[in-house]
Amino acid sequence: MLTLPVDARILEIGCGSGFLWQQNADRIPAAWDITLSDLSSGMLDAAWRNLVVTGRAYQFKEFDAQDIPFADETFDAVIANHMLYHIPDRVKALTEIKRVLKP
């Protein structure tokens, strides 16, 4: 079982409408630094609209999972639910995910 630090940095790739975070808002540790991303600006807008009411300071970033714009070893966890089949070069995306994950 993975144990995350109290102040974990989390990246979700392909966040869509932010449903995961909306449905679990009361279960997310307050100190987590969460960045939600999507290739679609429309989906990021939908996620923002769905999550702004939670009062939590999520960060939103538009990018392609094949080219993640963060430094090496930035995140404690990366989530990519139901979206990897959309990526043309999954090996490249998985290499990027591994790069931005802390050991």
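1. A residue counts as buried here when its relative accessible area is under 20%. Glutamate 96 is therefore buried, because its relative accessible area is 12%. The structure discussed in this note is a predicted model, and the points below start from glutamate 96, which is found in helix 3 (residues 90-100).

2. Which residues does glutamate 96 contact, once its neighbours within four places in sequence are left aside? They are Ala65, Gln66, Asp67 and Ile68. With aspartate 67, glutamate 96 shares a C-alpha to C-alpha separation of 6.6 Å, although the two residues are 29 residues apart along the chain.

3. Turning to the sheet, the model has an open sheet of 4 strands in the order 3-2-1-4, with parallel pairing. Strand 3 and strand 4 (77-79) stand at the edges and have a single partner strand each, so that one side of each is left without a neighbour in the sheet. On average, and with direction ignored, neighbouring strands of this sheet are turned by 20° against each other.

4. At one end of that order, strand 2 (residues 33-38) pairs with strand 3 (residues 59-62) in the parallel sense over 4 bridges, and serine 37 has lysine 61 in strand 3 as its bridge partner. Between these two strands the chain passes through helix 2 (residues 41-51), and the resulting β-α-β crossover is right-handed.

5. Elsewhere in the sheet, strand 1 (residues 9-13) and strand 4 run parallel and are joined by 3 bridges, with alanine 77 in strand 4 serving as the bridge partner of isoleucine 10. Helix 2 packs on the sheet, where it touches strand 2 and strand 3, and the direction of helix 2 makes about 170° with that of strand 3.

6. Within helix 2, the residues Leu44, Ala46, Ala47 and Leu51 are buried. They lie on the same side of helix 2, because they cover an arc of only 160° around the axis. The cover over the buried residues of helix 2 includes helix 1 (19-23), strand 2 and strand 3. At the N-terminal end, helix 2 is capped by serine 40, which has a side-chain oxygen 3.2 Å from the backbone nitrogen of glycine 42.

7. Phenylalanine 63, in the loop between strand 3 and strand 4, has a relative accessible area of 7% and is therefore buried. Not counting residues up to four places away in sequence, phenylalanine 63 touches Leu11, Ser37, Asp38, Leu39, Ile68, Pro69 and Phe70; among them is Ser37, the residue whose bridge partner in strand 3 is lysine 61. Phenylalanine 63 and serine 41 are 22 residues apart in sequence, and their C-alpha atoms are 9.1 Å apart in space.

8. The loop between strand 3 and strand 4 also holds aspartate 76. Is aspartate 76 buried or exposed? Aspartate 76 counts as buried, because its relative accessibility is 19% and the cut-off for a buried residue is under 20%.

9. The side chain of aspartate 76 has a polar atom that lies 2.8 Å from the backbone nitrogen of arginine 9, and it also makes a polar contact with the side chain of lysine 102, at 3.5 Å. When neighbours within four places in sequence are left aside, the residues in contact with aspartate 76 are Leu4, Pro5, Asp7, Ala8, Arg9, Leu101 and Lys102.

Notes:
Residues are numbered from 1 along each chain as its sequence is written. This is a predicted model: local features need pLDDT of at least 70, side-chain atom pairs count only at pLDDT 80 or more; totals for chains, interfaces and linings use all residues. Side-chain values use heavy atoms; hydrogens and water are left out. Two strands pair if DSSP finds at least two bridges between them. A crossover is right-handed if, with the strands pointing away from the viewer, the path from the first strand over the helix to the second runs clockwise. Axes are lines fitted to C-alpha atoms, for helices over the stretch in contact, and angles run from 0 to 180 degrees between N-to-C directions. Contact means heavy atoms within 4.5 Å. Buried means under 20% relative accessible area, exposed over 50%, partly exposed in between (1.4 Å probe, protein chains only). The arc is that of the directions from the helix axis to the C-beta atoms. A polar contact is a pair of N or O atoms within 3.5 Å; within protein, one must be able to donate a hydrogen and the other to accept it, and residues adjacent in sequence count only if both atoms are side-chain atoms.
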